[in-house]
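Open the model in your viewer and keep the selection panel at hand. The stops below say what to select next and what is there.

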Amino acid sequence: MPTVVVLDVSLSMSLPVAVPDSTETFTSLQLAVHGINSLLDYLAIYSKLEFVALMTYSSSYDIVSPFTRDFDVLKAKLAQLEEQDKSCLEPVLTGVNKLVLGEWGTATPCQVILVTNGVTRRHSELDALSKLGSPLPFAFPGKLTVVVVAPPGPTNPILAQVVKLARGDGSVLQVDSALTPDSLYNLFQQLAEKNYASFCGMLKCGNLSSKVILSPAPMPYTKITDFDCQTYSVGSEVGLCGFIETQHVGSPAAVSRHLVLPFPPTPTQAPIKTSPSTIKVEDSDEEEMAHDGGKTPSFCVLLHGALKVENMVALCQVAPEWYGLLYSWADSKKKSNLMLTLLEPGNNPVPWLGDITQLGIPDPERPNPEEAFPVRPADKRSYSQSNVVWIRQAGLQSDIQKILRHARKLPEKTQHFYKELNRVRRAAISLGFISLLDGLAAILERECTLLPGGAHPDCALQLTHAANVLRKPYSRDPKYNVLPMRTRFQEGDN
């Protein structure tokens, strides 16, 4: 789920905040940057595929960084921010709408995290957000979370009303104890664990096991039948049942697909250093953890390599009567990933494999090459009827070009010409694509004017006849067939 981090850089964010039991003093902006850095550290470890954009606002807004997965770039730009003038929410919320709609459209859910010190008393601005045409609620399925960088106290009613106007299950978060870098770090960690929690489970095969993360987290699946409705949820253990050759599995119907990643080491809080305008995060501990993690044996990595080399898939069980397939998938020639495809719940999700509970290990002493997958059904079905499918522009263009190729070879291809013409005409009527008939008639008329001087006279007559019939009201009936025109040239040939 993409995320937009909106940071308040108004003058009030430059106010100093005294830390209890410490001689150091931080500004609200420095603490806010420290908290956002801790969120980015969490995403870099547990949600590497997350897209994050960074915006700042005061009286106007600025897109500091568009959506990216390079969290180091976001940290570098956070360190360069400076305070500006007064704060105003309406322009930046409008900018959030434009940014998300331009990148993801209206169907992709996004999270908006607004980080501010809560200093706002402009009720007129709240009235503007309540009017028709305001940026709230968002034009996309979104959730607004407001993080208040301020000492504990009552929730600002204006911010609570803004979250209410945004709808969704948003909230206003604030520290419960004294405002310190540690308490703010814990607040952002709670936010990350709540909104970006990945599925963590155990991948097991006999005595081998590995803690893994599934990204995105699998959602419960509800299977509806004629007389039953049952909901399935993925358990905490993914157990391997056996291995099957990739060619035998094919491409069965799937519920969802997930990336399988080894569970990373737990991150530790990084210290902060104060400077005139920045807070710097030390990353030596993080590099040391990553270095040690690379030396730890992982069954997940072993399984990925084995499936890739042997060109096989692993059949696994994720819940009672719910199975999945583990396989190696490559998005490029240099990089491959371990993927999990969740099949439809039940013991027969792959029809040509049969009941999964009846599968077993093949007997090497009794090979039977005739029993190979996939098993073909005994009844033979007829596929002689060619259906017209237009998914892309190239398919429609190909069908029209086929009609024109037959038109240029009239009268020898008269029957083929009218057969293809009626096939496309019926498909257009069935899809409600009536304008195609007028366009096809115009194409035939233009083709008639472009005929060479040595063309057969019957060619021009048939093209003109077909174009005229396509414009008639009775040609809109799918049961009607456009018939060839009887000419004296056909009678002379006979």
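## A hairpin to start

Select Tyr221 first: its bridge partner in β12 is Tyr232. This is a predicted model. Now widen the selection to the two strands, β11 (residues 221–224) and β12 (residues 229–232). They pair in the antiparallel sense, over 4 bridges. A hairpin of 4 residues leads from β11 to β12.

## The barrel

Next, select β9, β10, β14, β19, β18, β17 and β13, in that order. These 7 strands close into a barrel with mixed pairing. On average, neighbouring strands of this sheet are turned by 40 degrees against each other, direction ignored.

Add helix α9, residues 299–310. The helix packs on the sheet and touches β9 (199–205), β10 (208–215), β13 (237–245), β14 (254–262), β17, β18 and β19 (336–343). Compare directions: α9 makes about 90 degrees with β19.

Stay in the barrel and isolate β17 (residues 312–319) and β18 (residues 322–330). Their pairing is antiparallel, over 5 bridges. Pick Ala319; Trp322 is its bridge partner in β18.

## The open sheet

Clear the view and select β5, β4, β1, β6, β7 and β8. In that order, these 6 strands form an open sheet, again with mixed pairing. Which strands stand at the edges? They are β5 (61–68) and β8 (171–174). Each has a single partner strand, so one side of each lacks a neighbour in the sheet. From one strand to the next, the twist averages 15 degrees.

Zoom in on β1 (residues 3–8) and β6 (residues 110–116). This pair runs in the parallel sense, with 5 bridges. Click Val5 to find its bridge partner in β6, Ile113.

Now bring in helix α1, residues 28–46. It packs on the sheet, touching β1, β4 (52–57) and β6. The direction of α1 makes about 165 degrees with that of β1.

Then show α6, which lies across β6, β7 (142–148) and β8. Against β7, helix α6 runs at about 165 degrees.

## Two residues in helices

Select Asp182 in helix α6, residues 181–195. Is it buried or partly exposed? At 45% relative accessibility, Asp182 counts as partly exposed. Add Leu31 and draw the C-alpha to C-alpha distance: 9.9 Å in space, for two residues 151 apart in sequence.

Move to Lys75, in helix α2 (residues 71–78). Its relative accessible area is 18%, so Lys75 is buried, the cut-off being under 20%. Leaving out residues up to four places away in sequence, Lys75 touches Asn37, Leu40 and Asp41.

## Aromatic pairs

Turn on the rings. How many aromatic pairs does the structure hold? There are 7. Begin with Phe138 and Phe140, a stacked pair: 5.0 Å centre to centre, with 15 degrees between the planes. Both residues are buried, Phe138 at 9% relative accessibility and Phe140 at 4%.

Contrast this with Tyr474 and Tyr480. Their ring centres lie 5.3 Å apart and their planes stand at 75 degrees, so this pair is edge-to-face. Tyr474 counts as partly exposed at 45% relative accessibility. Tyr480 is partly exposed too, with a relative accessible area of 28%.

For the last ring stop, select Phe51, Phe67 and Trp104. Ring pairs link these residues into a cluster.

## Helix α10

Finish on helix α10, residues 393–407. Check the length from end to end. At 1.5 Å a residue, its 15 residues should span 21 Å, and the end C-alpha atoms are 21 Å apart, which agrees.

Colour the buried residues of α10: Leu396, Asp399, Ile400, Ile403, Leu404, His406 and Ala407. Why do they sit on the same side of α10? They cover an arc of only 165 degrees around the axis, which puts them there.

Last, show α11 (414–431), α12 (435–449) and α13 (457–470). The buried residues of α10 pack against these helices.

Key: Residues numbered from 1 in each chain as written. Predicted model: local features only at pLDDT ≥ 70, side-chain atom pairs only at ≥ 80, totals over all residues. Heavy atoms only, no water. Pairing = 2+ DSSP bridges. Axes fitted to C-alpha atoms, helices over the stretch in contact; angles between N-to-C directions. Contact = heavy atoms within 4.5 Å. Expected span 1.5 Å × (residues − 1). Buried < 20%, exposed > 50% of the residue type's maximum accessible area, 1.4 Å probe, protein only. Arc of directions from axis to C-beta. Phe/Tyr/Trp six-rings, centres within 6.5 Å; stacked < 30°, edge-to-face > 60°.
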